[in-house]
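Here are some short exercises on reading a protein structure, each with a worked solution. Try each task yourself before you read on.

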Amino acid sequence: MTSKSSSSANKFFKAQHILFGRRMACTVISFLVWFFTFPVGTSLILLQDRAEASYRIDMLSSFLGVRSWTFVFTAASAFVLAIEGVSWLFSRQKVDFYESMPIKRNKRFRAIWINSFLIWLIPFALFAFGTSAWMAAGGHLTTMVLTDTAAGLLRQALLFITVYAVTTVFALLTGNPVTAVALSFIFNIYPSVTSFLGRWLLEQFLVTDPTGAGILLARIAGWLTPLGNYYSFQTDYTGETTAVILRHIMKKTLPGDIRNLVLFLVFALIAAFLFRRRKNEMAGVSLAFPVTVPLIMILLLVPGMLMTGLVVGTILSGFSADRFVIWAVIMVLIGMAANCLIEAYIEGDIRFAFRRFWAFILAAVLAVGIFGAVFFDVFGYDTYVPSPDSVKGAAFLHSQREDFWRLRTTETYDEETYTAALVTDTEDILELGRTGQKALIDRDKNMVQTDGWEMYISYIGKNNRIETRHILVPTDIDRELMNRLFADPAFREDLYPGLGADLSLCTNVSWNNIFSYENVLLAEGEKASAYAEKVLAAYKEDLEEADFDNISDGKISGMLQLSCTAAEDTGGKEFREYSLPVYRSFKKTRALLKKKDADMSAPDPDMIGSIEVSYYRDGRQIGRTYEDAEKIRQITEGLAGTDMFYDIPFENRDEKGISVFISWKKENPEEYYSYTFRKGGIPAFVAEDLELAR
Amino acid sequence: MIDIQSVSKSYEKTRAVQDVSLTLEDGQVFGLVGTNGAGKSTLLRLIAGILVPDRGKILVDNEPVYDNPAVRENIFFISDEPYYYPGSRAVDMKKWYRDMYPSFDTDRFDKLIKDFGLDPRRRIRTYSKGMRRQLAVICGICAGTRYLLCDETTDGLDPVMRQALKSLLGGDMEERGLTPVLASHNLRELEDICDHVGLLHQGGILLSQDIADMKLGLQKIQCVFEGEAPAEIPGLEVVSHEARGRLHTYVVRSGREEAETVFSQYSFVFYEILNLSLEEVFILETEAVGYDVKKLIIG
């Protein structure tokens with residue numbers, strides 16, 4: 001009896017049947033993962049407190065749609081199945097077997113491709129929608145959950161096929177499983193790794209770089225890394241990953257979907273092309289396309305050498321030319337060793353270690369060139385100051401910089417609102433920028449001792465282009481310039497973010513950012529909100545009356561922490577908190593706070609359990625502990641205060657380097673806090689006890 | 001008919017097959033001989049459509065074979081290292097081949113498996129090397145293809161199995177016009193199976209001829225002359241002449257009757273015409289074209 005001729009459809013189903021049987025392990029794992037994710041995960045959520053129904057819905061929605069680890073599993077599934085899917089090309093035995101069968105090559109390729117997708121899709125869809133149906137039966141299903149589930153499936157399906165296509169391309173370039181896994185893995189994360197290296201390089205050598213230049217690299221990396229197109233949101237949202245936020249992300253990552261779709265199409269076409277061109281006799285070799293060997297070598301060696309340079313850079317500091325030569329030589333030598341090892345691996349013979357030496361030379365020139373360009377700042381990044389004609393304003397940020405960047409990348413960022421809050425005196429802006437950048441270069445590159453306050457300046461161009469630089473405002477800067485800038489409300493808003501926010505609560509008031517006055521705080525409600533508004537109004541008035549000289553003398557009395565109502569764009573879930581320094585000259589604020597027993601002149605000695613002072617001399621530690629209330633008062637009065645940016649400038653510190661540990665009584669959350677004396681602030685009894693005169 | 005036209009194939013810098021032209025007629029058993037690395041496997045893989053020639057073309061029944069399922073349905077390739085799915089059993093492979101080859105004969109498969117004493121439910125990985133080869137041959141025979149390409153298939157088989165294979169091939173050739181192509185580095189194994197032999201060396205074809213023609217065109221005469229041996233044998237082309245004491249061995253290019261007529265003119269103490277083995281024929285023929293073939297074939 002002979003079998004009947006099989007139709008194409010029959011052959012397809014038979015091929016799928018055989019493939020599922022052969023890939024049973026992958027199929028079972030996929031079923032198990034999605035089973036535990038959907039039905040089991042949902043059951044666990046439903047078992048939680050019934051009172052929090054809305055919370056449960058949020059959690060269910062996130063479980064069924066966009067849990068971040070499920071993206072990772074989807075990408076990993078695609079990676080493994082893609083490698084497994086083309087692994088027959090790595091064995092001559094298998095090639096002889098499959099390629100002699102009466103089936104079109106591209107049909108077999110497609111069959112494996114579809115089978116891989118089904119191994120992922122069937123359990124995902126089955127359990128996700130099965131769980132939805134179960135929830136509907138139990139009255140838990142909402143439209144939001146259902147749409148999130150559907151959107152999650154579509155998005156992850158796109159991620160799967162994109163990672164699959166990228167992995168297939170790099171697996172097809174190779175001829176053995178080890179190289180296939182290594183190369184596919186490297187090039188799946190290559191954009192992100194090179195972006196990381198690039199940003200590291202820029203941050204290491206461009207002293208004024210606030211990762212502004214690196215942001216472009218990070219974005220490009222995100223575009224070229226399938227998973228990166230969905231994981232970028234983690235830099236945007238750091239709060240709770242509630243369904244509302246996740247829904248927002250899903251809406252926002254539509255460009256990520258488009259980028260992945262483009263990536264998929266490009267890599268699928270390349271994969272199809274490579275599969276057609278790949279010679280079967282290349283089974284078992286390292287790289288199936290000899291022409292790609294130098295390209296791959298260069299792509300691996302350049303970042304490899306840069307990484308070496310950066311690691312060496314953490315050991316050798318300094319920006320001199322001779323340092324660069326040492327760097328370059330080490331980079332090249334290590335790169336050459338790596339090149340020889342890779343060549344020996346590709347050729348399977350150490351004698352061919354220098355076979356394509358020209359590729360190494362090219363890689364070395366590129367690596368040293370890139371390294372040198374950044375090292376010597378060939379493009380003048382650090383010294384860049386825009387021309388006066390091209391700038392319409394600037395923003396100065398010192399502590400809420402992340403908020404700034406976050407706002408720029410979210411839907412809520414309003415260009416007009418932001419622009420309205422700019423400092424617009426171009427001449428003063430550029431003068432501060434020039435001085436600040438120079439001071440930073442002097443300190444970090446030229447090793448000139450320079451004291452000052454670190455800030456970020458963002459030049460906003462007339463074309464709305466934003467260039468941000470890290471600057472150091474030197475303590476000897478022209479005070480008139482700073483006073484002029486300080487008189488601008490926009491500048492003050494930058495230094496003290498939150499002044500314009502809708503503040504509703506005082507969340508903390510502390511002495512010198514150390515000691516919290518618990519009794520100042522009021523519970524949530526109208527009264528608390530009114531109090532917060534009153535404090536803020538007083539603070540604004542004090543700030544109006546102050547100038548830069550007042551606030552830059554290091555005389556901070558305490559810190560005020562205020563929070564605003566939850567932002568709408570976070571679905572009412574994310575609160576923003578702002579810290580405002582209260583200077584000694586801020587009489588109105590201090591008077592208001594004093595009414596609530598928050599006297600910022602010094603911490604209440606009654607709250608302090610003990611103070612320990614210690615001092616190292618001649619290799620031994622001399623220490624004393626004080627519990628007497630009067631001595632504690634005298635010590636606290638002598639402690640150094642933070643400056644306008646909550647730091648203690650060196651010139652304000654006592655040069656002896658005496659450490660002061662405050663041990664609070666039980667009400668205070670901090671048991672210990674390390675501090676230091678201000679210049680001339682060491683009480684006489686401490687000096688005597690520590691034998692400072694000897 | 002398999003028509004190989006000026007085919008060349010290189011692996012990077014190694015020339016595996018070089019300008020080979022051959023015609024494999026239907027209904028013949030074609031033997032492909034050569035040393036290891038001579039290009040036999042490459043040529044078979046080219047014929048099976050696994051590899052693409054760098055130059056030249058291969059036509060099977062006037063159709064290109066590469067990526068052509070219609071043609072491949074008529075070709076079965078038994079690799080020198082047959083592949084089976086991990087964990088598969090003979091019955092699994094039967095299902096696979098049944099789905100792939102429209103003429104696969106499942107009843108015959110079951111019968112042959114039984115006849116060869118193979119357990120169809122046992123995992124193939126537990127089979128011996130010879131059993132795996134037997135299974136490959138059974139799959140190939142039952143696929144019902146017109147061409148069966150065997151790469152060193154006879155090497156792992158014992159004499160009984162070789163005889164069985166010969167019998168199976170003979171039966172299929174007679175019944176359905178099967179054309180087997182057997183590649184081996186061992187001439188002795190092919191001698192009693194093949195009708196036509198091609199000798200490959202360093203990727204090129206040295207010789208391709210019907211075995212019967214080769215044998216018929218050469219005669220080996222051993223004799224002891226009465227008195228002095230003649231300096232030459234006029235009227236015959238002497239391919240080789242060897243003398244050990246008074247015993248002379250001649251190989252002449254002629255028919256048997258013609259040789260007998262010429263040699264009847266001389267007086268002998270002892271005289272006989274012997275059959276040449278395929279190996280001897282090959283050695284003589286290839287030496288005639290300038291190759292020291294003893295080094296190439298006799299293992």
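**Exercise 1. Describe how helices H7 and H8 of chain A cross.**

Start with the handedness: H7(A) passes H8(A) in a right-handed crossing, where the near helix is turned clockwise from the far one by less than a right angle (anticlockwise would be left-handed). Helices here are DSSP runs of H or I with at least four residues, strands are E runs of at least two, and both are numbered from the N terminus.

Before going on, a word on the model. It is predicted, so local features need pLDDT of at least 70 and side-chain atom pairs count only at pLDDT 80 or more, while totals for chains, interfaces and linings use all residues. Residues are numbered from 1 along each chain as its sequence is written, and chains are lettered from A and ligands numbered from 1 in the order in which they are written.

Next, take the angle. The axes of H7 (residues 143–172) and H8 (residues 177–205) of chain A come within 8 Å and cross at roughly 135 degrees. That makes H7(A) oblique to H8(A), because angles under 35 degrees count as roughly parallel, over 145 as roughly antiparallel, 65 to 115 as roughly perpendicular and the rest as oblique.

Finally, list the contact, which includes A:Val163 and A:Phe170 of H7(A) and A:Leu183 and A:Phe187 of H8(A). Two residues are in contact if their C-beta atoms, placed from the backbone, lie within 7 Å. Sorted by class, there are 7 nonpolar, 3 polar and no charged residues. Here Ala, Val, Leu, Ile, Met, Phe, Trp, Tyr, Cys and Pro count as nonpolar, Asp, Glu, Lys and Arg as charged, and the others, Gly among them, as polar.

**Exercise 2. Is A:Arg155 buried or exposed?**

First, locate A:Arg155: helix H7 of chain A holds this residue. Then count: A:Arg155 has 22 other C-beta atoms within 10 Å, so it is buried. The cut-offs are 20 or more for buried, 12 or fewer for exposed, and partly exposed in between, with C-beta atoms placed from the backbone.

**Exercise 3. Which element gives the most to the side of chain A that touches chain B?**

Begin with the totals: 24 residues of chain A are in contact with 27 residues of chain B. Helices H1 (8–22) and H5 (92–99) of chain A each give two or more residues to that side. H5(A) gives the most, with 6 residues. By class, that side of chain A has 7 nonpolar, 7 polar and 10 charged residues.

**Exercise 4. Which residues touch the most other members of the largest nonpolar core?**

A nonpolar core is a set of buried Ala, Val, Leu, Ile, Met, Phe, Trp, Tyr and Cys residues joined through C-beta atoms within 7 Å. The largest has 194 residues, and A:Ala394, B:Ile47, B:Leu149 and B:Val181 touch the most other members. H7(A) gives the most to this core, with 12 residues. Leaving out residues up to four places away in sequence, the partners of B:Ile47 include B:Ile2 and B:Val65.

**Exercise 5. Where are B:Ser6 and B:Asp67, and what is special about phi?**

B:Ser6 is in strand E1 (residues 2–11) of chain B, and its phi is near 45 degrees, a positive value in a residue other than glycine. With 12 C-beta neighbours inside 10 Å, B:Ser6 counts as exposed.

B:Asp67 is in the loop between strand E5 (63–64) and helix H2 (69–72) of chain B. Its phi is near 55 degrees, again positive in a residue other than glycine. B:Asp67 is partly exposed, with 16 other C-beta atoms within 10 Å. For background, most residues other than glycine have a negative phi.

Definitions and conventions: Axes fitted to C-alpha atoms, helices over the stretch in contact; angles between N-to-C directions.
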